[in-house]
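Here are some exercises to work through with the structure open beside you. Try each task on your own before reading its solution.

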Amino acid sequence: MAGFASTAAGERLCAALPLPATWAESRELLAATTELQGLDGVLEGGLSFRGVADIAATVMRCAKGGTAGGEALLAVASTLAAARRLRRQIDDESQRPVCSALVADLRTLPDLEQRLHFTLEEGGRVADRASAELEGLRRQLQGVRVERRERLQELIRRWGNLLQDTVVAERNGRPVLAVKVGAASQVGGIVHDSSASGSTVFVEPQAVIPLGNRIRELEGRERELEEKILAELSALVGEQAPALEHLQAVLARLDAGVARARYGAWLGAVRPVLMADPAAPFELRDLRHPLLLWQERREGGRPVVPVTLRVSPELRVVAITGPNTGGKTVTLKSLGLAALMARAGLFLPCSGTPRLPWCGQVLADIGDEQSLQQNLSTFSGHIRRIARILEALGLEPGIRRPAPASAGQHGASLVLLDEVGAGTDPTEGAALAAALLRQLADRARLTVATTHFGELKALKYADPRFENASVAFDVETLSPTYHLQWGIPGRSNALAIAARLGLDLRVVAAAAEQLAAAGEGEGGGVNRVIEGLEQQRRQQQEAAEAAAVVLARTELLHEELLARWEQQKEQSAELQEQRRQQLERSIREGQGEVRRLIRRLRRGAADADRGDGRSAGEVARLAGQRLKRLEAEHRPQPQRREHAGWRPVVGDRVRLLALGKAAEVLAISADGLELTLRCGVLRSTVALAAIEGLNGEKPAPPAPPPVTVRSRRAPGSRGPQVRTEANTVDVRGLRVHEAEAAVEEHLRGANGPVWVIHGIGTGKLKRGLREWLAGVPYVERVSDAEQGDGGMGCSVIWVR
């Protein structure tokens, strides 16, 4: 995070990263991060800290009566100007209340800034305008320098044949001429140096020595005046030391806030909801370790596999099991970092909206604390650290205070234990770990422990405050997948990991035989019970996922039908409005004809000829005919007409009366009284009376079938190519070999396509069936079903 800071003070504050002592302070930091991230995004080039310098040492020096240099004092002035600009950009109580309150009492000291800028030039040099005496002295000094330069040029012209070069050099701060060694006596003056060859000596002519001395004297007086002015300016800065120290602190906090915002944006992180209730749940979806993200993006590392943690208020202990190198410790560290990052005002690399309680204590026993110098073994190192954790939670050895887990004035306590109970006898270690976890369940808000002990996996079945989790292991590739499975204990898979890492396979095989022989004991029985329970849980989870897929499809279909119905209703209303407007125009035209006719009759010109050769009577007759035509054109037509003898066939487009939608006929029952229709993505079977033709035709009922003896279908005939109950087999929940047997039984009697519902899940069942079907000779092809029939969760098998 410190790499995103813009100032040295902000970088130091980020590196120290002080943790707030209260929930309110953490909430304020999160609000400040949100406000600064929004402001940094809308400003062109972002929120700039250009001009802000680290003035802490300068202010301290001036406060103690010292004199600061011109560049340091100029840095104070530029910092004041930058602070004023930042306050103007940030101050907006309606949009940024937290940051506005931070800069509200910021004093930018415009008088001091103006005095410093007036007195000092760029680079820290004291300006001539700083003092009239200084200005006069510098003019005098400049005049003497010009006089000496002209005198030297005159001497160069006079002694041109005695000089090696016509350029005025400088030695020891004095101007010298390069004189030939043999002519040095002819040029009076002081010899300051000679060339390496000895043929040239550098002489300061006697004529310019008094001018040089005069220049030295004036330069000394100039330095005295400059020091006097710098001392005055330093005294002014020292008088404002408290205001400047506060300003430096505010700028550092703002820079740290912008660094938090930019780091969160770089991570793609989101703001967490930090709750004051210690018993609040943990909800972290797709949490990724920030350092692994940094490694992935900056160093081209492997993609980070996220973990999802959902801990209800009732849970107190989560035991994570699974293979070594599977990501258990990374999960512990990710959770601990998430709690501390949220407390420090940082956004979390999660999806959705992460929620977690404010954790006043994050107590961890991660890693090996073995020490030869302190005479600590691996086990004793863990015990020493766990003892300190119990002491921090308020537990003394031998004393138990049954305070509720939600009590406490300092937020929730999060305990992280890596390989709890390891490093000693497995039986004693498991008993010690179980007792420790029960004790922590009474005192800490949440304890997350990684373990390989099978006994700890069974705690959840005796205590509802316990839960299991595991890191997944791919049995096909014999490698961990780093996915966290919630509610499912895992196996260590030590033998598979050892074989993958290159251990002698004979050793692995011998260990497997010994493990199989010992599997009949008590520990093996517990593992088998857990395995059976978790298998039932996985089947229920798969069934719930399948039901969720069906529900989602149903909701999508409902939304689509509703949208189409609204669209059709809008189109119908628009069409009716167009017809109404057309009728009104026609009526107005007819009324106009009638009014004109009445006016002519009133003028007594009923029998006179019109200019176009028609009489008024003829005009009246034509107007009456026009009105009759309008009446005929707009007379309501019957909405439906009977069409005797009309029967739909497969492929026809008909109207489904229940929905008022057009549908396609996919199949017709043998008796002709039921039809299978497809309306959009909806496939349904309806009665013949529930449809009509697009032009309103009513279907005629089929004639009674003659009583005949039906012959068996020819072997080469094809069955229906629509999904029915007879040509569908559901293999969800079966193993691959069980599913193969069920599908083969349907294929033997099939005379058309067969639909196999296998679900989506991990895809293992689908891949196994596809690989087996590829070798069946009487299978022509296999493809995914249409979206309405299950999509990727269902396969259609076409037989030859």
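**Exercise 1. Find the strands that pair with β6, and name a bridge partner in each.**

Solution. Start with β6 (residues 282-287) and β7, which run antiparallel and are joined by four bridges. Strands here are DSSP runs of E with at least two residues, helices are runs of H or I with at least four residues, and both are numbered from the N terminus. Two strands count as paired if DSSP finds at least two bridges between them. Next, pick a position in this pair: Leu284 faces Leu309 in β7. Then turn to β9 (residues 351-357), which pairs with β6 in the antiparallel sense over two bridges. Here Glu283 has Arg355 in β9 as its bridge partner.

A word on the model before you continue: it is predicted, so local features need pLDDT of at least 70 and side-chain atom pairs count only at pLDDT 80 or more, while totals for chains, interfaces and linings use all residues. Residues are numbered from 1 along each chain as its sequence is written, and side-chain values use heavy atoms, with hydrogens and water left out.

**Exercise 2. Work out the strand order of the open sheet that contains β20, and say which strands stand at its edges.**

Solution. First, lay out the four strands: the order is β20-β21-β23-β22, and the pairing is mixed. Second, look at the ends: β20 (728-730) and β22 (779-784) each have a single partner strand, so one side of each is left without a neighbour in the sheet. Third, note the twist, which averages 20° from one strand to the next. Angles run from 0 to 180 degrees between N-to-C directions, with axes fitted to C-alpha atoms, for helices over the stretch in contact. Finally, zoom in on one edge: β20 runs parallel to β21 (residues 754-757) and is joined to it by three bridges, with Thr728 opposite Trp755 in β21.

**Exercise 3. Which strands do α19 and α20 lie across?**

Solution. Take α19 (residues 736-748) to begin with: this helix lies across β20, β21, β22 and β23, and runs at about 170° to β20. Then take α20, which lies across β21, β22 and β23 and runs at about 160° to β22. Contact means heavy atoms within 4.5 Å.

**Exercise 4. Count the cavities of 30 Å³ or more, then describe their linings.**

Solution. Begin with the rule: on a 1 Å grid over the protein atoms alone, a cavity is a set of points where a 1.4 Å probe fits but cannot get out, and lining residues have an atom within 4 Å of a point. Points are joined across faces, edges and corners, and the volume is the space filled by probe spheres set on them. The count comes to two cavities.

Now take the largest cavity, with a volume of about 40 Å³. Its lining consists of Val756, His758, Lys766, Leu769, Arg770, Leu773, Ser795 and Ile797. Two elements, α20 (764-773) and β23 (794-799), give two or more residues each, and α20 has the largest share with four. By type, the lining has four nonpolar, two polar and two charged residues. In this scheme Ala, Val, Leu, Ile, Met, Phe, Trp, Tyr, Cys and Pro are nonpolar, Asp, Glu, Lys and Arg are charged, and the others, Gly among them, are polar.

Move on to the second largest cavity, of about 30 Å³. Around it are Leu309, Val311, Val318, Ile320, Leu335, Leu446, Val448 and Trp486. The elements giving two or more residues to this lining are β7 (307-311), β8 (317-321) and β12 (446-450). Its residues divide into eight nonpolar, no polar and no charged. You have met Leu309 already, as the residue opposite Leu284.

**Exercise 5. Is Val176 buried or exposed?**

Solution. Locate Val176 in β2 (residues 174-180). Its relative accessible area is 0%, so Val176 is buried; buried means under 20%, exposed over 50%, and partly exposed in between (1.4 Å probe, protein chains only). Then check its surroundings: leaving out residues up to four places away in sequence, Val176 touches nine residues' worth of neighbours listed as Val167, Val168, Ala169, Glu170, Arg171, His192, Phe202, Val203 and Glu204.

Definitions and conventions
1 Å grid on protein atoms, 1.4 Å probe; cavity = no way out; pocket = protein on both sides within 12 Å on 5 of 7 lines; lining within 4 Å.
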